[in-house]
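Visitor: I'd like to know how the labels on a model like this get assigned. Could you walk me through them?

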Amino acid sequence: MNSLISLYDRTFSMLEERVAAIALPTMARLIFAGTLLVYYWNSAMTKLGDGIFGLFSPNFNAYVQILPRMSEAVNYDASQLGAFWRLLVVGATIGEFVLPLLLVIGLFTRFAALGMIGFVIAQSWVDIFGHGVAAEDRGSWFDGIPDALIFDQRAFWIFVLLYLVFRGAGPLSVDAILRARALPQMSAA
């Protein structure tokens with residue numbers, strides 16, 4: 001029995017050391033790309049204003065999606081919301097483009113993953129309290145129904161992002177390339 005346990009430990013220790021360090025961060029980024037990259041970019045596209053600088057002058061949809069109750073309170077006239085709220089909407093729209101891209105290419109991955117976690121939490125808050133997502137759509141943990149839009153799905157999203165916060169992008173990333181270039185310079189100093 002001891003030899004079986006020893007074989008088990010050696011095998012999975014080797015897998016963890018040699019395979020997991022490369023495969024898991026890469027897979028986390030690939031899963032994010034395959035499931036959420038286009039989702040967030042499509043969402044961001046619905047917020048763009050007209051013209052080449054539409055990113056910096058969000059349209060009506062941006063305010064209704066991000067600030068639904070406030071938009072309703074001002075009869076959907078975003079010009080009444082003020083500069084702070086405009087900056088918030090512009091920042092959120094830019095974030096929907098930039099943070100997923102950073103995650104997929106593996107650049108400033110830990111920072112981008114933290115930003116996306118904040119984004120998912122804010123998005124969930126707005127969905128529940130701003131758009132009034134019904135309790136049955138929000139879901140509940142341990143209810144035996146794993147397809148709820150908020151508590152079930154977004155828990156998995158956040159788990160993938162937390163993995164990237166704690167483990168980084170892995171060796172197949174821009175972060176790894178930048179780190180490799182910086183190490184010779186740091187050792188020479």
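**Labels and their cut-offs**

Guide: Lys47 sits in the loop between H1 and H2, where helices are DSSP runs of H or I with at least four residues and strands are E runs of at least two, numbered from the N terminus. Before we go on: this is a predicted model, so local features need pLDDT of at least 70 and side-chain atom pairs pLDDT 80 or more, while totals for chains, interfaces and linings use all residues. Residues are numbered from 1 along each chain as its sequence is written, and side-chain values use heavy atoms, with hydrogens and water left out.

Visitor: Why is Lys47 called buried?

Guide: Buried means under 20% relative accessible area, exposed means over 50%, and partly exposed is in between, using a 1.4 Å probe and protein chains only. Lys47 has 4% relative accessibility, so it counts as buried.

Visitor: What makes the link between the side chains of Lys47 and Glu96 a polar contact?

Guide: The rule asks for a pair of N or O atoms within 3.5 Å; within protein, one must be able to donate a hydrogen and the other to accept it, and residues adjacent in sequence count only if both atoms are side-chain atoms. The side chains of Lys47 and Glu96 are joined at 2.9 Å, so the pair meets the distance limit. Glu96 is in helix H4, and its relative accessibility is 4%, so Glu96 is buried too.

Visitor: Which residues does Lys47 contact, leaving aside neighbours within four places in sequence?

Guide: Contact means heavy atoms within 4.5 Å. For Lys47 the list is Pro58, Asn59, Ala62, Gln65, Ile66, Thr93 and Glu96. Glu96, with residues up to four places away not counted, touches Tyr40, Trp41, Ser43, Ala44, Lys47 and Phe119.

Visitor: Tyr40 is on that list. How do you know whether Tyr40 is buried or exposed?

Guide: Tyr40, in helix H1, has a relative accessible area of 1%, so Tyr40 is buried. Beyond four places in sequence, Tyr40 contacts Glu96, Pro100, Met116, Phe119, Val120, Gln123 and Trp157. Thr11 is also in helix H1, yet the C-alpha atoms of Tyr40 and Thr11 are 39 Å apart, with their positions 29 residues apart along the chain. Thr11 has 32% relative accessibility, so the label there is partly exposed.

Visitor: What makes a gap in the protein a pocket?

Guide: It's done on a 1 Å grid over the protein atoms alone: a cavity is a set of points where a 1.4 Å probe fits but cannot get out, whereas a pocket is an open set with protein on both sides within 12 Å along at least five of seven lines, and lining residues have an atom within 4 Å of a point. The largest pocket holds about 460 Å³, a volume being the space filled by probe spheres set on points joined across faces, edges and corners. Its lining has 21 residues, and closest to the centre are Lys47, Ile66, Glu96, Phe119 and Gln123.

Visitor: How does the lining of the largest pocket divide by class?

Guide: Ala, Val, Leu, Ile, Met, Phe, Trp, Tyr, Cys and Pro count as nonpolar, Asp, Glu, Lys and Arg as charged, and the others, Gly among them, as polar. That gives nine nonpolar, nine polar and three charged residues. For the second largest pocket, about 160 Å³ in volume, the split is nine nonpolar, one polar and one charged. H5 gives the most to that second lining, with five residues.

Visitor: Why is the pair of Trp141 and Phe142 called edge-to-face?

Guide: Rings of Phe, Tyr and Trp (its six-membered ring) pair if their centres lie within 6.5 Å; planes under 30 degrees apart are stacked, over 60 edge-to-face, and the rest tilted. The count by this rule is nine aromatic pairs. Trp141 and Phe142 have ring centres 6.3 Å apart and planes at 90 degrees, so the pair is edge-to-face. Phe142 has 83% relative accessibility, so Phe142 is exposed. Ring pairs also link Tyr39, Tyr40, Phe119 and Trp157 into a cluster.

Visitor: What is the phi of Tyr76?

Guide: Tyr76 has a positive phi of about 60 degrees, and it is not a glycine. Most residues other than glycine have a negative phi. Tyr76 lies in the loop between helix H3 (68-73) and H4, and at 40% relative accessibility it is partly exposed.
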